[in-house]
Amino acid sequence: MIRARDLRKSFGTQEVLKGVDLDVAPGEVVGLIGPNGAGKTTLMSCLLGFLHPGAGTISIDGQANDDLDVRRRTGFVPERMNFSRAETGRAFLRYMALLAGVPRSVVDQRAESMLVRLGIRDAAEKRLSQYSRGMLQRIGMCQALIHEPTYLFLDEPTSGLDPNGVLLVRDLIAEQKSRGAAVLLNSHQLAEIEKVCDRVLFLSGGVITHHETLRHADHIVVAITMLPGSFDPTVVANLANATPNGNVLIADVATDADIAPLVRALAASGAGIIDVRRHTADLEGIFRGEA
């Protein structure tokens, strides 16, 4: 688990972090959002050990965040890639894999696999100085994942990517979650945050002002929109164990398989179903209200 408690950081007389608490569990994707200057990059830099906090504690599975074992199991994608541009993409990946402790016997295989997975196999022998910004972003994702990290930090990972690249990053994040990695994602792309994150933390003025759960481990929240005047609110409340808000019903179900029976029951009661979808927090509304 990635954990921070009462984290504080100042630059001169400016206090950027003012007592931040944060947890990211194994197999969880946590999004960090907030306005420019809120302290998001400073927070991530402290967690990674690039900056030393003025106060507070950071632990990674009970170890110090600058422990060499922790660093070997950490992947990081910065917003802008500042790698040496003299190496080829393949040579760069081989170096990063060896640095992270990947056995020499599988380094070449891992590098080839990542180049293919990220769609830059044809650019493997080109120097990084010849890469476009989008290609650099892809090679950055390669180096972060090549050693199958336990902890993954992503700072604007879709910056400079085309739509196909954005979809690929979305899939990769889901893959890391499924194998149990703890993922912390910093992004201004609220739509992407909604699609990939389990929880969202809103950082403003150096403090966490709001947190929102987007996906629950033990149940699913579904939003069912009904045609106004087509349903009896009391009947709907009894069927769904939830009271409609206007013509929208926000209901909890145990699994995806329970959604269809609920919709059928509502329709049988006379409700005209217009739309059914998983319910997520209105991050744009939260952002406007908290920023």
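By the criterion applied here, this predicted model contains 15 salt bridges. Side chains of opposite charge can pair when their charged atoms come close. The tour begins with some of these pairs and then turns to the cores, the cavities and the pockets.

**Stop 1: salt bridges**

Select Arg73 and Asp69. Their side chains form a salt bridge, with N and O 3.0 Å apart. Arg73 is partly exposed, at 26% relative accessible area, and Asp69 is likewise partly exposed, at 29%.

Next, select Arg277 and Asp275, whose side chains meet in a salt bridge at 2.6 Å from N to O. Here Arg277 is exposed, with a relative accessible area of 51%, whereas Asp275 is partly exposed, at 24%.

Then select Arg170 and Glu192. This salt bridge has its closest N and O atoms 2.6 Å apart. Which helices hold the two residues? Arg170 belongs to helix H6 (residues 163–178) and Glu192 to helix H7 (residues 190–196), so the pair ties together parts that are 22 residues apart in sequence. Is Glu192 buried or exposed? Glu192 counts as buried because its relative accessibility is 15%, which is under the 20% limit. Arg170, at 22%, counts as partly exposed.

Finally, select Arg90, Glu112, Arg121 and Glu125 together; salt bridges link these residues in a network.

**Stop 2: the nonpolar cores**

Select Leu93, Leu118, Ile139, Met141, Leu154 and Cys197. These are the residues with the most contacts inside the largest nonpolar core, which has 46 residues. Helix H5 (residues 133–145) supplies the largest share of this core, namely six residues.

Now centre the view on Met141. Leaving aside residues up to four places away in sequence, Met141 touches Val77, Leu118, Leu154, Pro157, Val169 and Leu172. A second core, separate from that one, has 24 residues, including Leu48, Ala182, Leu184 and Leu203.

**Stop 3: the largest cavity**

How many cavities of 30 Å³ or more does the whole structure hold? A search finds two. The largest cavity encloses about 60 Å³ of space. To locate this cavity, select its lining: Pro157, Thr158, Val166, Val169, Arg170, Ile173, Leu185, Ser187, Glu192 and Val196. Arg170 and Glu192, the salt-bridge partners from the first stop, both appear in this lining.

Helices H6 and H7 are the elements that give two or more residues to the lining, and H6 provides the largest share, four residues. By class, the lining has six nonpolar, two polar and two charged residues.

**Stop 4: the largest pocket**

Select Arg71, Arg72, Thr74, Gly75 and Phe76. Of the 19 residues that line the largest pocket, these lie nearest its centre. The space in this pocket is about 450 Å³.

Colour helix H1 (40–48), helix H2 (68–72), strand S5 (74–77), helix H3 (89–99) and H5, the elements that each give two or more residues to the lining. The largest share, four residues, comes from H2. The lining consists of 12 nonpolar, five polar and two charged residues.

**Stop 5: the second largest pocket**

Select Arg110, Ser113, Met114, Arg117, Leu145, Ile146, Glu148, Leu172, Glu175, Gln176 and Arg179, which line the second largest pocket. Its volume is about 170 Å³. Helix H4 (104–117) and H6 are the elements that contribute two or more lining residues, and H4 gives the largest share, four residues.

How does this lining divide by class? It has four nonpolar, two polar and five charged residues. One of the lining residues, Leu172, is also touched by Met141.

Definitions and conventions: Residues numbered from 1 in each chain as written. Predicted model: local features only at pLDDT ≥ 70, side-chain atom pairs only at ≥ 80, totals over all residues. Heavy atoms only, no water. Core = buried A, V, L, I, M, F, W, Y, C linked by side-chain atoms within 4.5 Å. Buried < 20%, exposed > 50% of the residue type's maximum accessible area, 1.4 Å probe, protein only. Contact = heavy atoms within 4.5 Å. Salt bridge = Lys/Arg side-chain N within 4 Å of Asp/Glu carboxyl O. 1 Å grid on protein atoms, 1.4 Å probe; cavity = no way out; pocket = protein on both sides within 12 Å on 5 of 7 lines; lining within 4 Å. Points joined across faces, edges and corners; volume = space filled by probe spheres on them. Nonpolar A, V, L, I, M, F, W, Y, C, P; charged D, E, K, R; others polar.
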